[in-house]
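Biologist: I'd like to learn how to read helix packing and burial from a model. Can we go through one together?

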Amino acid sequence: MVFESVKKALIIGVSEYRDLPPLSFTYNDGMQMSATLKNEGYEIPKSNILVGTVYGCQLRSMISDFFSNSKIQSSDTLLFYFSGHGITTDHGASFLVPSDMESINPEINGFSMSDLKHYTQTCKSTKIILILDCSFSGNIHKINNMSKEWAKTVTVLASSQNYTPIDGVSTFKQSFFTHYILEGLKGKAVNNVGDITANSLARYMKSEINNCKIDQRPILTMNNIGEVVFASSKLYSLPSQLKPKPAEPKPAEPKPAETPAKPKGTLPKGFGDKPAEAAKPKEAPKPAEPKPAEPKPAEPKPAEPKPAE
């Protein structure tokens, strides 16, 4: 049986923490991301959306089930989005932080980048996207250094460089990173052929964040096996300068003016009717032949006298 390839997403946003500051924007980040990806054709059941308080056992279970599901086909596209705190240890290990993780002992409930690498490597899908909106998310680039030898495309959009915490909260009630990812997915990151790819999305997002003049340097890493298309041929989203101009209708060829028929006898000589035949010269009248004289009737002879009897 042949299965049609699909696009699937897992959305996690952690806003409440035991010993770290709460993040008010992550709930909105997660809900807006799920709505936008659904609009782009991603399958996201309710069981694949978890925002607010997220425990370590939930985080691990959801990531494991998402990447290890037996129904995954090699042609499927899997996208994992995480918004929340990230942390790194003195030994350079980095973790996604759930609500119940203790920052002094992240190995207990935290989800390590090395575990994420393991699930990415063993997943059946050959097209995997990781969007990580958290501090120290740039450490995930180590995954792609190893994945160059895999027969799959792994794309990572991370909100910060290695060992760089994220500063501040935007005025959009979202993180700067997620806000511009969403704006790009809605059409502002479309390329010149009408597609939104990982590269066009990263270019747009980096440019906008740089314009905000904040201390944040998002990164894109890929294993160079192939390009990821988030949305394809959405010509209605093209900027006006990139939209193909509609073909201009060709002007109708002017028909030759028809010469109205003129009544007979009004055409100039040589046009229209056949030229009149030249008049034949009149013949001279023949002289009248003299009529023969009619014979005069004979005059009666006088009667002769009869002889006497």
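Biologist: Let me start with handedness: is the crossing of H6 and H7 left-handed or right-handed?

Modeller: Keep in mind that this is a predicted model. For handedness, you ask which way the near helix is turned from the far one: anticlockwise by less than a right angle is left-handed, clockwise is right-handed. Here H6 and H7 make a right-handed crossing.

Biologist: At what angle do the axes of H6 and H7 cross?

Modeller: At roughly 130°, and the axes come within 9 Å. H6 covers residues 176-188 and H7 covers residues 198-211. Angles over 145 degrees would count as roughly antiparallel and 65 to 115 as roughly perpendicular, so this pair is classed as oblique.

Biologist: Which residues in H6 meet H7?

Modeller: On the H6 side you'll find Phe176, Phe177, Tyr180, Ile181, Glu183, Gly184, Leu185 and Lys188. Their partners in H7 are Leu201, Tyr204, Met205, Glu208 and Ile209. Sorted by class, this contact between H6 and H7 holds 9 nonpolar, 1 polar and 3 charged residues.

Biologist: Let me pick one of those: is tyrosine 180 buried or exposed?

Modeller: For that you look at relative accessible area, where under 20% means buried. Tyrosine 180, which sits in helix H6, has 8% relative accessibility and so counts as buried. You can also check a backbone distance across the sequence: its C-alpha atom is 9.4 Å from that of alanine 202, 22 residues further apart along the chain.

Biologist: H6 has another partner, I gather. What is the angle between H1 and H6?

Modeller: About 15°, with the axes 10 Å apart. Anything under 35 degrees is called roughly parallel, and H1 and H6 therefore fall in that class. The handedness is left-handed for this pair. H1 brings Asp29, Gln32, Met33, Thr36 and Leu37 to the contact, while H6 brings Thr178, Ile181, Leu182, Leu185 and Lys186. By class that gives 5 nonpolar, 3 polar and 2 charged residues.

Biologist: And how do H2 and H4 compare with the cut-off: which class does their angle put them in?

Modeller: Those two are roughly parallel, because angles under 35 degrees get that label. H2 (residues 56-68) and H4 (residues 113-122) pack at about 20°, their axes 9 Å apart. The crossing of H2 and H4 is right-handed. Arg60, Ile63, Ser64, Phe67 and Ser68 of H2 make the contact with Asp115, Leu116 and Tyr119 of H4. That contact has 4 nonpolar, 2 polar and 2 charged residues.

Biologist: Now for helix length. What span should the 13 residues of H2 have?

Modeller: The idea is to count 1.5 Å for each residue after the opening one. For H2 this leads to 18 Å, and the end C-alpha atoms are 18 Å apart, so the two agree. H1, with 14 residues, reaches 20 Å from its first C-alpha to its last, close to the expected 20 Å.

Biologist: Which residues in H1 are buried?

Modeller: Thr26, Asp29, Gly30, Met33, Ser34, Thr36 and Leu37. To see what hides them, look for the elements in contact: the cover includes H6 along with strands E1, E2, E3, E4 and E8. In H2, the buried residues are Gly56, Leu59, Met62, Ile63, Ser64, Phe66 and Phe67. Just after H1 comes glycine 41, with a positive phi near 95°.

Biologist: What about the loops? Where does serine 15 lie?

Modeller: In the loop between strand E1 (7-14) and helix H1 (26-39). Loops needn't be read as surface by default, so check the area. Serine 15 has a relative accessible area of 7% and is buried. Setting aside neighbours within four places in sequence, serine 15 contacts Pro22, Leu23, Thr26 and Gly52.

Biologist: Leucine 23 turns up there. What does leucine 23 touch?

Modeller: Beyond residues up to four places away, leucine 23 touches Val14, Ser15, Tyr17, Gly84 and His85. Leucine 23 is in the loop between E1 and H1 as well, and is buried at 13% relative accessible area. Its C-alpha atom lies 9.2 Å from that of glycine 52, the two being 29 residues apart along the chain.

Biologist: And how many helices and strands does the protein have?

Modeller: There are 7 helices and 12 strands. Of its 309 residues, 44% count as buried.

Terms used
Residues numbered from 1 in each chain as written. Predicted model: local features only at pLDDT ≥ 70, side-chain atom pairs only at ≥ 80, totals over all residues. Heavy atoms only, no water. Axes fitted to C-alpha atoms, helices over the stretch in contact; angles between N-to-C directions. Helix = DSSP H or I, 4+ residues; strand = E, 2+ residues; numbered from the N terminus. Contact = heavy atoms within 4.5 Å. Nonpolar A, V, L, I, M, F, W, Y, C, P; charged D, E, K, R; others polar. Buried < 20%, exposed > 50% of the residue type's maximum accessible area, 1.4 Å probe, protein only.
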